[in-house]
Each structure stands twice: as structure tokens, then as C-alpha cells.
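Reader: Before I accept the labels attached to a model like this one, I would like to hear the reasoning behind each of them. Could we go through them one at a time?

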Amino acid sequence: MDKSAPASGAPAPAPSGAPRRAVPAGFLFGTAISGHQSEGGNVNADCWLAETVTPTVFKEPSFDACDSYNRWGEDIAIAGGLGLNSYRFGIEWSRIEPEPGVFSNAALDHYSRRLDACLEQGLAPMISFSHFTVPRWFAARGGFEVADGADLFARFAERSAARLGDRMAAASTFNEPNVQRLLALFRNEERRTVGEQMLAACARACGSERFSSQIFVPYQATEATMVDAHRKAMAAIKAGPGDVQVGMTLTMQHVEGVGEGHLGPALEEALYGPWIEEAKGCDFVGVQTYTRVIVGPQGRLKPPADAEFTDSGYEFRPQALGGTIRFAAEKIGRPIIVTESGIATKDDTRRVAFIEGALEEVRNCLDEGIDVRGYIYWSLLDNFEWTSGYGHRFGLVDVDLKTFERTPKPSAYHLGALARAGVI
Ligand code: BGC
């Protein structure tokens with residue numbers, strides 16, 4: 001089956017009626033996936049263990065995921081066939097370094113073949129060196145709560161970049177190093193308690209004193225080391241072969257302040273901490289926006305009564321992207337790539353509407369002269385949505401979780417047609 005066939009048509013007019021505009025030369029128009037969420041069988045990762053102990057905050061374990069560790073060729077061919085020109089994926093530290101200091105040539109070969117396939121398909125590869133998971137052994141020795149965790153991450157980055165860097169267009173050290181701050185703001189007490197019990201169960205399973213799983217420990221315990229790890233990994237990647245644009249991606253939900261004395265600035269400070277300053281030293285910053293947060297003088301406000309909600313439970317608000325791009329441009333001042341923008345929904349027409357709404361924001365920001373260098377939709381596949389399991393479907397492509405058959409949705413062809421024509 002030629003899964004790319006419908007993408008060859010001309011792109012539909014923008015739903016707002018606004019004229020489309022050509023994207024700047026070199027604009028990355030793509031889609032993304034992470035290792036743990038798509039590969040399956042990621043047994044040496046901290047999350048694999050956390051998913052399978054009792055109690056756990058995970059709704060279900062990842063197990064086979066989308067079997068992308070075997071079916072990566074098909075994934076890349078679909079992305080390329082749609083007409084996209086960039087593909088963002090993660091390399092799994094726990095596969096490349098399954099035991100401390102032991103590097104797997106087979107795993108590096110695997111990711112090397114994926115990079116070659118991207119280039120053959122006309123997809124500029126964007127690599128996440130960390131997308132939330134760490135090796136089990138790393139968590140068991142204290143993760144980023146231990147200062148030399150930074151050197152271990154940098155060593156992994158150095159070894160991987162030496163083998164793979166020559167074919168990377170762009171790379172991020174950490175995916176959303178501020179996600180722990182986001183979780184601290186919005187996670188409820190019960191969830192926090194079960195999370196702690198889960199980590200204690202993981203430590204027991206490893207026979208270790210603790211289990212420091214990056215996304216489940218308080219940011220206060222890891223942040224200084226993660227800043228150090230980011231800097232050292234960035235230097236290691238840049239010192240390697242190729243001309244890799246290196247940055248980080250940030251979770252950036254648009255903070256919309258309402259009323260005099262609103263707490264917007266305080267919320268922004270709490271959400272970003274040191275990462276705005278760190279991002280200033282990057283070649284680019286990855287903006288990852290899913291919704292907005294409305295805040296008044298007393299704190300968080302509910303979305304308006306007529307708001308639509310996505311399957312993730314938050315407001316459908318593609319316009320939030322314009323707010324975060326402008327925020328990043330003003331506060332960080334580095335080139336911007338929208339490295340994640342997406343929606344969990346079973347109604348694919350809402351995905352098309354979300355993409356169009358987000359692209360309208362990118363269009364306006366480009367018109368304002370902001371240096372936006374790419375739009376990467378999250379995600380290529382319906383995949384493992386972390387603690388929410390498989391129910392939340394972000395994908396442009398449906399995946400049958402038994403047969404692993406991939407079926408692109410209309411939104412995939414919609415995005416592909418825009419990318420082929422180079423317009424938004
Ligand atoms: C993460 C993805 C996740 C997505 C949707 C982002 O914060 O990088 O891994 O699937 O949000 O929730």
C-alpha cells in the first residue's frame with residue numbers, strides 16, 4: 001500500500017481564510033517520537049521497572065509499545081512518504097549503555113541505520129539524547145541526585161555523538177528538563193505519595209538504597225546536576241563530528257495572566273527556574289506547547305465555560321503556541337524550533353483543526369519577524385503516553401497494538417501536503 005498517496009494533493013486553504021505563507025528556507029517540517037514511548041521492550045530503562053512494580057503511577061506498562069525498535073524503517077518511510085522533511089526521535093541511553101561504562105556497538109549500529117534511513121527519506125534527523133528515561137543502573141545509583149551523574153550523562157553523549165553526530169541536523173540534550181517543575185505545580189498529593197512508594201518498590205527490586213527516576217523526583221534534588229549535565233553534554237556533542245545544532249526543549253504552556261496583580265510572572269518563574277538562562281547558551285530552543293494556563297491575582301483560574309477539552313483533560317487551545325513562541329523570543333532570544341505541538345483525541349478532525357490553529361500562530365510569529373525554524377508535530381504514532389498508557393492518542397498514524405499495523409490518519413496527509421508545498 002502506498003501510504004503516502006493522498007499527500008501529493010495541493011494543501012487545503014487555511015480554515016481561517018488567511019492566506020498561507022511560504023516557510024523560510026530550511027524550515028523543519030516534521031513529526032516526532034521518543035524511544036521509550038515507541039520502541040517497546042525497553043527493559044533496561046528506569047520506567048520499565050517503575051511501570052511493573054506495585055504500587056505504580058502508570059496506568060499500564062509499555063511492554064511492546066509500537067514495536068518501533070523493529071519497525072523503525074516503516075515509521076521513517078511513512079514520515080518521508082507523507083512529504084515531511086524532518087524526524088525527531090530519541091536514542092535510549094539504557095540500550096546504548098546497558099551497564100555502567102559498557103557501550104553497545106549493536107545499539108549504536110541500530111541508531112546509525114535509523115539516521116541513514118532518515119537521510120535517504122529526505123528527513124533531517126533531530127535527536128533527543130534524553131527523553132525522560134534513564135538506565136535502571138543510573139537510577140539505582142542516585143540518578144541526577146548525585147553530582148557525578150552529570151559526567152555520566154556527558155560520557156554517554158560523547159560516545160553517542162562520536163558515532164552518530166555526523167548525520168544529525170539538530171540535537172537536544174534534555175527533553176523538557178523543566179517538566180519536574182510543571183509536575184510540581186500541578187500534581188496532586190495522592191499521586192505524589194504513590195510516586196514515592198513506586199520509587200521505594202523500584203529500589204527494593206534493585207537491591208539499592210534508592211531509585212532516582214528523573215521525572216518522579218523533586219526538581220530541587222536534581223536540577224543543579226541536570227544543568228551541569230546539559231552543559232557538559234552540549235559541549236561533548238559539539239566537539240564530536242558533524243555540524244549539529246544543539247539545544248534543549250522546554251515544556252512551555254502559555255501563562256495567560258488576567259486582572260491586576262495576576263500571578264503570571266511568579267508562575268513563569270516557577271515553571272522555568274534556571275532553564276531560561278541555560279537556553280540562552282543553546283543554538284536553538286525547542287518550544288513544546290500543548291495548552292494555556294490562566295492565572296489571576298489569587299492563582300489558577302478555570303478555563304472558560306465554553307472551553308473544549310482534549311483527551312488529556314486540558315483545554316484545546318492551539319493559540320497558546322503563539323504566546324509561548326513570543327515568550328521564548330523575548331526571554332531567550334535564540335532561534336526557535338517548535339519541537340512538540342499536538343493533541344490527544346480520537347476525533348482526527350480536531351487534530352487537523354489543532355494543527356491549523358497552531359500553524360496560524362507560527363505564521364503570525366514569522367510575520368512579526370520571529371526566527372522560527374521548524375514545526376514538529378507530536379507525535380507520529382499513537383504511542384505510550386507515559387502514566388496515562390495507550391488511551392491518549394496523539395498520533396498522526398494509528399497503530400494496532402496487536403498487529404502493529406500502521407495506518408496514517410487524514411491529519412497525517414494534511415500535514416504532509418503542507419510540508420510538501422512548503423506553506424503554512
Ligand atoms: C513529552 C511527550 C509526551 C507529550 C504529550 C511532552 O511533554 O515530551 O513525551 O508524550 O508531552 O503529553
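Author: Let us begin with the word buried, which is used for a residue with under 20% relative accessible area, whereas exposed means over 50%. Please keep in mind that the model discussed here is predicted.

Reader: Why is G342 called buried or exposed, as the case may be?

Author: G342 has a relative accessible area of 2%, which is under the 20% cut-off, and therefore G342 is called buried. The residue is found in the loop between β10 (336-341) and α14 (348-367), and its C-alpha atom is separated by 12 Å from that of V287, which lies 55 residues away along the chain.

Reader: What makes the peptide bonds from T54 to P55 and between W378 and S379 worth a remark?

Author: Most peptide bonds are trans. The bond from T54 to P55, however, is cis, with omega near -5°, and P55 is found in the loop between α2 (46-52) and α3 (68-82). A cis bond also joins W378 and S379, where omega is about 5°, and S379 belongs to the loop between β11 and β12 (397-399).

Reader: What is remarkable about phi in E176 and W386, and are these residues buried or exposed?

Author: Most residues other than glycine have a negative phi. E176 has a positive phi, near 50°, and sits in the loop between β4 (170-175) and α8 (179-186); its relative accessible area is 7%, under the 20% cut-off, so E176 is buried. W386 is not a glycine either, yet its phi is positive at about 45°, and this residue lies in the loop between β11 and β12. Since its relative accessibility is 10%, again under 20%, W386 counts as buried.

Reader: How do you know which residues surround the ligand?

Author: A residue is counted if one of its heavy atoms lies within 4 Å of the ligand, and the residues that surround the ligand include Q37, H131, N175, E176, Y290, W378, E385 and W386. By class, this shell has five nonpolar, four polar and three charged residues.

Reader: What makes the pairs that N175, Y290 and E385 form with the ligand polar contacts?

Author: The term requires a pair of N or O atoms within 3.5 Å. A polar side-chain atom of E385 lies 2.5 Å from an oxygen atom of the ligand, and for N175 the corresponding distance is 2.9 Å; for Y290 it is 3.5 Å, a value that stands at the cut-off itself. The protein covers 89% of the 310 Å² of accessible area that the ligand has on its own.

Reader: How do you know that β10 and β11 are paired strands?

Author: Pairing needs at least two bridges, and two bridges join β10 to β11 (residues 372-378), so these strands count as paired, and they run parallel. One bridge partnership is that of V338 with Y375 in β11. Both strands belong to a closed barrel of eight strands, β1-β2-β3-β4-β5-β7-β10-β11, with parallel pairing, in which neighbouring strands are turned by 25° against each other on average, direction ignored.

Reader: Why are β6 and β9 called edge strands?

Author: They belong to an open sheet of three strands in the order β6-β8-β9, with mixed pairing, and β6 (254-257) and β9 (299-301) each pair on one side only. Three bridges join β8 (residues 292-296) to β9, in antiparallel fashion, and G296 stands opposite G299 in β9.

Notes
Residues numbered from 1 in each chain as written. Predicted model: local features only at pLDDT ≥ 70, side-chain atom pairs only at ≥ 80, totals over all residues. Heavy atoms only, no water. Helix = DSSP H or I, 4+ residues; strand = E, 2+ residues; numbered from the N terminus. Polar contact = N/O pair within 3.5 Å; in protein donor to acceptor, adjacent residues only side chain to side chain. Areas by Shrake-Rupley, 256 points an atom, 1.4 Å probe, with all protein chains shown as cover. Nonpolar A, V, L, I, M, F, W, Y, C, P; charged D, E, K, R; others polar. Buried < 20%, exposed > 50% of the residue type's maximum accessible area, 1.4 Å probe, protein only. Axes fitted to C-alpha atoms, helices over the stretch in contact; angles between N-to-C directions.
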